[in-house]
Amino acid sequence: MKKTFIFSLLISLVLSFAMISCDNNKNTVPNDTKVDTTQVVDGQTAELNVENLVNLDKQYMFNTYGKDYRWYETCIVLKDFLDEENDGTITGVSNIFQVVFEKGNGADVNVVMITHVGDSTQVDVKRGFWVEDKPMNEDAIKVSFKDAYDKVMAVNYPKPHSRHIVLRKEVGPIDANPQYIFGNSQAQLYVDAGTGNVVDKNPVFPANLNMPLGEWP
């Protein structure tokens with residue numbers, strides 16, 4: 001399963017309100033379970049809030065599968081591009097988990113994707129392992145998405161022409177906190193979710209290492 005999984009997943013959200021796809025994962029188990037995690041304030045559907053949705057989805061995972069799940073990524077799609085006029089409005093959020101299902105004398109490993117678009121929530125389960133990330137269950141995410149967005153918009157770095165952000169703890173030779181990654185294959189900005197530090201190079205790889213990023217949209 002390629003790491004391009006998550007970004008094809010993101011672009012699918014914008015195009016089809018689904019954001020549920022898995023490159024090169026042919027062995028899938030469809031499970032289009034509907035789960036109501038809609039946030040309502042004074043009778044009106046609330047705006048998408050990343051932290052609230054992460055917490056709601058973690059609670060869903062605990063209630064459904066127990067405590068032994070792994071949280072790997074949170075993917076966010078903005079309404080507008082970072083390098084154009086925008087106010088940080090979010091159009092979709094997807095949280096990615098992995099869980100083990102006991103099966104006879106063995107077990108199946110499954111990826112659970114919970115997608116929020118507007119007031120719609122969908123859960124999709126696909127058989128397979130999630131790769132290239134470390135689980136973030138035990139990490140302290142001290143910087144909110146809104147704070148990370150504000151920091152990116154305030155720095156002097158050029159803004160990537162992208163609407164995509166992913167919170168992940170990437171596997172690499174250097175141990176680093178989870179990062180909010182704003183960008184695409186041409187440019188990225190990284191916000192440390194523990195310290196709020198903003199850089200334009202991937203902190204899990206040495207600065208002199210030219211690391212390919214795959215096929216980001």
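**Fold, strand pairing and a pocket**

Read from one end of the sequence to the other, the chain runs α-β-β-β-α-β-β-β-β-α-β-β-β-β. That comes to three helices and eleven strands, in what is a predicted model. Buried residues account for 47% of the 217 residues. Contacts reach well along the sequence too: of those with a separation of 6 or more, 62% link residues 24 or more positions apart. The chain exposes about 11,000 Å², and carbon and sulfur atoms supply 48% of that area.

The middle of the chain is a good place to start with the strands. Strand 5, residues 90-103, runs antiparallel to strand 6, and twelve bridges join the two. Strand 6 then pairs with strand 7, residues 120-127, again in the antiparallel sense, this time over eight bridges. Strand 6 therefore has a pairing partner in strand 5 and another in strand 7, given that two strands pair if at least two bridges are found between them. Met 113 shows this arrangement at the level of a residue: Ile 96 stands opposite Met 113 in strand 6, and Met 113 in turn stands opposite Asp 124 in strand 7. Next door in the sequence, Val 112 has Val 125 of strand 7 as its bridge partner.

The turns joining these strands are short on residues. The hairpin of strand 5 and strand 6 has two residues between the strands, and Gly 104 there takes a positive phi near 60 degrees. The hairpin of strand 6 and strand 7 also has two residues between the strands, with Gly 118 at a positive phi near 60 degrees. A positive phi turns up again at Glu 132, at about 75 degrees, although this residue is not a glycine. Glu 132 sits in the loop between strand 7 and helix 3. With a relative accessibility of 41%, Glu 132 counts as partly exposed, because that class covers values between 20% and 50%.

How covered are strand 6 and strand 7? In strand 6, residues 106-117, ten of the twelve residues are buried, so the strand is mostly covered. Strand 7 is mostly covered as well, with six of its eight residues buried. Ala 107 belongs to strand 6 but does not count among the buried residues, because its relative accessibility is 44%, which makes it partly exposed. Beyond its neighbours within four places in sequence, Ala 107 is in contact with Val 100, Phe 101 and Glu 102.

Further along, Ala 148 is a residue of helix 3. Here the cover is complete by the numbers: the relative accessible area of Ala 148 is 0%, so the residue is buried. Setting aside residues up to four places away in sequence, Ala 148 touches Val 143, Tyr 180, Phe 182 and Val 191. Tyr 180 and Phe 182 fall within strand 9 (179-183), and Val 191 within strand 10 (188-192). Ala 193 lies 45 residues from Ala 148 along the chain, yet their C-alpha atoms are separated by 7.7 Å.

The loop between strand 9 and strand 10 holds Ser 185. This serine is partly exposed, with a relative accessible area of 29%. Its C-alpha atom is 9.3 Å from that of Pro 160, a residue 25 places away in sequence.

Helix 3 comes up again in the second largest pocket, which has a volume of about 270 Å³. The lining is made of Glu 47, Leu 48, Asn 49, Val 50, Glu 51, Asp 87, Gly 88, Thr 89, Ile 90, Phe 145, Lys 146 and Tyr 149. Helix 2 (50-65) and helix 3 (145-154) each supply at least two of these residues. The largest share, three residues, comes from helix 3. By character, the lining divides into five nonpolar, three polar and four charged residues. Glu 47, Glu 51, Asp 87 and Lys 146 are the charged ones, while Asn 49, Gly 88 and Thr 89 count as polar. Ile 90, another lining residue, also belongs to strand 5, the partner of strand 6 in the twelve-bridge pairing.

Notes
Residues are numbered from 1 along each chain as its sequence is written. This is a predicted model: local features need pLDDT of at least 70, side-chain atom pairs count only at pLDDT 80 or more; totals for chains, interfaces and linings use all residues. Side-chain values use heavy atoms; hydrogens and water are left out. On a 1 Å grid over the protein atoms alone, a cavity is a set of points where a 1.4 Å probe fits but cannot get out, and a pocket is an open set with protein on both sides within 12 Å along at least five of seven lines; lining residues have an atom within 4 Å of a point. Grid points are joined across faces, edges and corners, and a volume is the space filled by probe spheres set on the points. Helices (H or I, at least four residues) and strands (E, at least two) are DSSP runs, numbered from the N terminus. Buried means under 20% relative accessible area, exposed over 50%, partly exposed in between (1.4 Å probe, protein chains only). Contact means heavy atoms within 4.5 Å. Accessible areas come from the Shrake-Rupley method with a 1.4 Å probe; for residues, only the protein chains shown count as cover.
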